[in-house]
Amino acid sequence: MSAIFTTLAGLCASGDHILACRSVFGSTHSILTKLLPKWNISHTYAHVNDTESWESLRCRKPKFCLETPSNPAVDILDLQWLGEFSKKHNLILIVDNCFATPYLQQPIQFGADVVLHSATKYLDGQGRVLGGIIAGRADLMEEIRFFAPPPDQHFLPLMPGSFPKAWKPLAVRMDRHCENAIQLAKWLEEHPDVEFVK
């Protein structure tokens with residue numbers, strides 16, 4: 001959450017507007033509705049399944065913040081479409097890549113300007129780490145870096161001291177997660193008491 005707050009606070013100024021996907025994490029919702037309005041930074045929520053309406057939701061000085069797959073609803077958004085939409089309207093596209101990890105999904109390849117990763121979830125996989133990672137365009141990272149300077153200069157507790165060794169077997173763990181998920185989904189699809197599998 002520090003990474004999300006740092007990104008939004010670092011890139012937004014008073015009077016800016018954030019177009020956000022409605023299915024964002026609850027704490028992200030709190031940042032958008034409780035913290036950023038104190039600095040005159042507004043937001044509008046867009047519905048995941050009504051992308052045609054997004055054209056009318058754009059406002060002055062917009063940023064675009066979303067999460068896919070979302071947490072906890074696991075809504076999926078078309079990253080290629082999102083990248084094209086953002087480029088067309090000159091939006092800064094911020095993607096929370098919390099669940100997919102960079103092993104399974106690289107939003108920057110589809111036009112994202114800034115990507116956030118949760119070190120707390122699959123990246124660590126051991127339940128020992130609280131942290132977030134911010135990656136993106138060099139010019140935007142300069143603006144964000146003010147809120148997360150090197151550890152010896154920081155005034156907000158945002159920077160971990162070192163990367164845990166548990167991240168090294170990420171590929172093996174994610175491959176196993178995917179294999180297990182597919183097997184479970186197939187089993188559920190064939191179960192007589194299950195109406196549908198999302």
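**Entry 1: Arg137 and its partners**

Is Arg137 buried, partly exposed or exposed? I looked this up to get started, keeping in mind that the model is predicted. Arg137 has a relative accessible area of 36%, so I wrote it down as partly exposed.

Next I looked for charged partners. The side chain of Arg137 meets that of Asp113 in a salt bridge, with 3.0 Å from N to O. Asp113 lies in the loop between helix H4 (101–104) and E5, while Arg137 lies in the loop between E6 and H6, so this pair ties together parts that are 24 residues apart in sequence. I reminded myself of the general idea: side chains of opposite charge can pair when their charged atoms come close.

Arg137 also forms a salt bridge with Asp139, where the closest N and O atoms are 2.7 Å apart. That gave me a small network of salt bridges linking Asp113, Arg137 and Asp139.

I then checked how open the two acidic residues are. Asp113 counts as buried because its relative accessibility is 10%, and the cut-off for buried is under 20%. Asp139, at 42% relative accessibility, counts as partly exposed.

**Entry 2: one more salt bridge, in H6**

How many salt bridges does the structure hold? I noted 4. One of them joins the side chains of Glu142 and Arg145, at 2.6 Å from N to O. Why are these two separated by about one helical turn? They are 3 residues apart in helix H6, and that spacing is the reason.

I looked up their accessibility too. Glu142 counts as exposed, at 53% relative accessibility, since exposed means over 50%. Arg145 has a relative accessible area of 40%, so I put it down as partly exposed.

**Entry 3: the two faces of H6**

I stayed with H6, which covers residues 138–145. Which of its residues are buried? I found Leu140, Met141 and Ile144. Seen down the axis of H6, the buried residues fall within an arc of 100°, so they line one face of the helix.

What do these buried residues pack against? My list has helix H1 (2–11), strand E4 (92–96), strand E5 (114–118) and strand E6 (132–136). The face of H6 turned away from the buried side carries the exposed residues Ala138 and Glu142. I had met Glu142 already, in the salt bridge with Arg145.

**Entry 4: the loop between E3 and H3**

My next stop was the loop between strand E3 (62–67) and helix H3 (79–88), where Asn71 lies. Is Asn71 buried or exposed? Asn71 is buried, with a relative accessible area of 10%. Leaving aside neighbours within four places in sequence, I found Asn71 in contact with Val24, Phe25, Cys98, Phe99 and Lys121.

Then I checked the peptide bonds here. The bond from Asn71 to Pro72 is cis, with omega near 10°. The bond from Thr68 to Pro69 is cis as well, with omega near -10°. Pro69 lies in the loop between E3 and H3, and Pro72 has its place there too.

Val74 is a further residue of the loop between E3 and H3. What is notable about the phi of Val74? Phi is near 60°, a positive value in a residue other than glycine. With 41% relative accessibility, Val74 counts as partly exposed.

**Entry 5: Thr101**

I noted a positive phi for Thr101 too, near 65°, again in a residue other than glycine. Where is Thr101? I located Thr101 in helix H4. Its relative accessible area is 2%, so Thr101 is buried.

**Entry 6: cysteines**

Last, I looked for disulfides. A disulfide is a covalent bond between the sulfur atoms of two cysteines. How many does the structure hold? I wrote down 0 disulfides.

I still looked up two cysteines for their accessibility. Cys12 counts as buried, at 10% relative accessibility. Cys21 has 0% relative accessibility and counts as buried. Cys98 was already in my notes, as one of the contacts of Asn71.

Notes:
Residues are numbered from 1 along each chain as its sequence is written. This is a predicted model: local features need pLDDT of at least 70, side-chain atom pairs count only at pLDDT 80 or more; totals for chains, interfaces and linings use all residues. Side-chain values use heavy atoms; hydrogens and water are left out. Helices (H or I, at least four residues) and strands (E, at least two) are DSSP runs, numbered from the N terminus. Buried means under 20% relative accessible area, exposed over 50%, partly exposed in between (1.4 Å probe, protein chains only). Contact means heavy atoms within 4.5 Å. The arc is that of the directions from the helix axis to the C-beta atoms. A disulfide is a pair of cysteine sulfur atoms within 2.5 Å.
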